[in-house]
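Thanks for coming, everyone. I'd like to walk you through one protein today. Please have a look at the screen.

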Amino acid sequence: MQKIPMTAEGHRALDEELKHLKSVERPAVIQAISEARDHGDLSENAEYHAAKERQSWIEGRVVELEDKLARAQIIDVSRMSGDQVKFGATVTVLDEDTEAEATYKIVGDDEADVKSGKISVSSPIARSLINKETGDVVEVNAPGGLKTYEILKVEWK
């Protein structure tokens, strides 16, 4: 069974989503199915079919979340240190082409959110940064072409 690395924050978010699906969404869709059944002929009942579809999605997501949480390997970033980039590090880089600085936190696949500066450990840029240190220059084969970054700072927060 392959472990899924994630931060404590990411684990908490998945756990909260699972609890919400089980305690709020699941009962609501069961009620919607029950009400749709009361309307008569199920073969032409759009509300019934929509509710059943929603129920199917909820149950699939519950199974997916339970699996991910069971296989979670929670990485405690607060206990990490050093200048080498690892999972959980917050890395400030300088784009050598544009001279623009960017800061990324390397997180698990389910936690990634580029808008908030969180990139997946399996993304091209994160894979290029892993095991590098402050001052290193890395080349990233990004979808938009080859990019060159200098690592300015590695933080653990």
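Let's start with a term. A residue is buried under 20% relative accessible area, exposed over 50%, and partly exposed in between. Keep those cut-offs in mind. Take Asn-131. Its relative accessibility is 43%, so Asn-131 counts as partly exposed. Where is Asn-131 found? Asn-131 sits in the loop between α3 and β6. Its backbone deserves a look too. Asn-131 is not a glycine, yet its phi is positive, at about 70°.

One caution before we go on. This is a predicted model. Please read everything I say in that light.

Now the overall layout. How many helices and strands are in the protein? The protein has three helices and seven strands. Along the sequence, the pattern reads β-α-α-β-β-β-β-α-β-β. The radius of gyration is 22 Å, whereas the globule rule gives 15 Å for 157 residues. The value is well over the rule, so the protein is more spread out than a compact globule. The spans of the C-alpha trace are about 70 × 35 × 25 Å along the principal axes.

Next, the surface and the contacts. Of the 157 residues, 36% count as buried. The protein exposes about 9400 Å². Carbon and sulfur atoms supply 49% of that area. What about charge? There are 21 positive side chains and 31 negative ones. The centres of these two sets lie 5 Å apart. And the contacts? Look at those between residues at least 6 apart in sequence. Of these contacts, 54% join residues at least 24 apart.

Let's go inside. How many residues does the largest nonpolar core have? The largest nonpolar core has 17 residues. The residues with the most contacts inside this core are Val-85, Val-91, Val-93, Ile-125, Leu-129 and Ile-151. Several elements supply at least two residues each: β3 (90-95), β4 (101-107), α3 (124-129), β6 (137-142) and β7 (145-155). Pick out Ile-125. Setting aside residues up to four places away in sequence, Ile-125 touches Tyr-104, Ile-119, Val-140 and Tyr-149. Apart from this core lies another one, of 15 residues. Its members include Ile-33, Val-62, Leu-65 and Ala-72.

Stay with Leu-65. This residue belongs to helix α2, residues 46-70. Is Leu-65 buried or exposed? Its relative accessible area is 0%, so Leu-65 is buried. Which residues does Leu-65 contact, beyond its neighbours within four places in sequence? They are Leu-14, Glu-17, Leu-18 and Leu-21. Now compare sequence and space. Leu-65 and Asp-15 are 50 residues apart in sequence, with 7.7 Å between their C-alpha atoms.

Over to helix α1, residues 8-37, where we find Glu-9. Glu-9 has 41% relative accessibility, so it counts as partly exposed. Its C-alpha atom is 9.8 Å from that of Ile-75, and 66 residues separate the two along the chain. Glu-25 also lies in helix α1. Glu-25 touches His-20, Arg-54 and Ile-58, not counting residues up to four places away in sequence. From Glu-25 to Glu-59 is 34 residues in sequence, and 10.0 Å from C-alpha to C-alpha.

Two loop residues remain. Glu-99 is in the loop between β3 and β4. Is Glu-99 buried or exposed? With a relative accessible area of 54%, Glu-99 is exposed. Its phi is near 65°, a positive value in a residue other than glycine. Then there is Ser-116, in the loop between β4 and β5 (118-120). Ser-116 has 44% relative accessibility, so it counts as partly exposed. Between the C-alpha atoms of Ser-116 and Thr-103 there are 9.7 Å, and the two residues are 13 apart along the chain.

To recap. The model is predicted. The protein is more spread out than a compact globule. Its largest nonpolar core has 17 residues, and another core, of 15 residues, lies apart from it. That's my walk-through. Over to you.

Definitions and conventions:
Residues are numbered from 1 along each chain as its sequence is written. This is a predicted model: local features need pLDDT of at least 70, side-chain atom pairs count only at pLDDT 80 or more; totals for chains, interfaces and linings use all residues. Side-chain values use heavy atoms; hydrogens and water are left out. Helices (H or I, at least four residues) and strands (E, at least two) are DSSP runs, numbered from the N terminus. The radius of gyration is taken over C-alpha atoms; the globule rule is 2.2 Å times the number of residues to the power 0.38. Buried means under 20% relative accessible area, exposed over 50%, partly exposed in between (1.4 Å probe, protein chains only). Contact means heavy atoms within 4.5 Å. Accessible areas come from the Shrake-Rupley method with a 1.4 Å probe; for residues, only the protein chains shown count as cover. Lys and Arg count as positive and Asp and Glu as negative; His and the chain ends are not counted. The place of a charge is taken as NZ of Lys, CZ of Arg, CG of Asp or CD of Glu. A nonpolar core is a set of buried Ala, Val, Leu, Ile, Met, Phe, Trp, Tyr and Cys residues joined through side-chain atoms within 4.5 Å.
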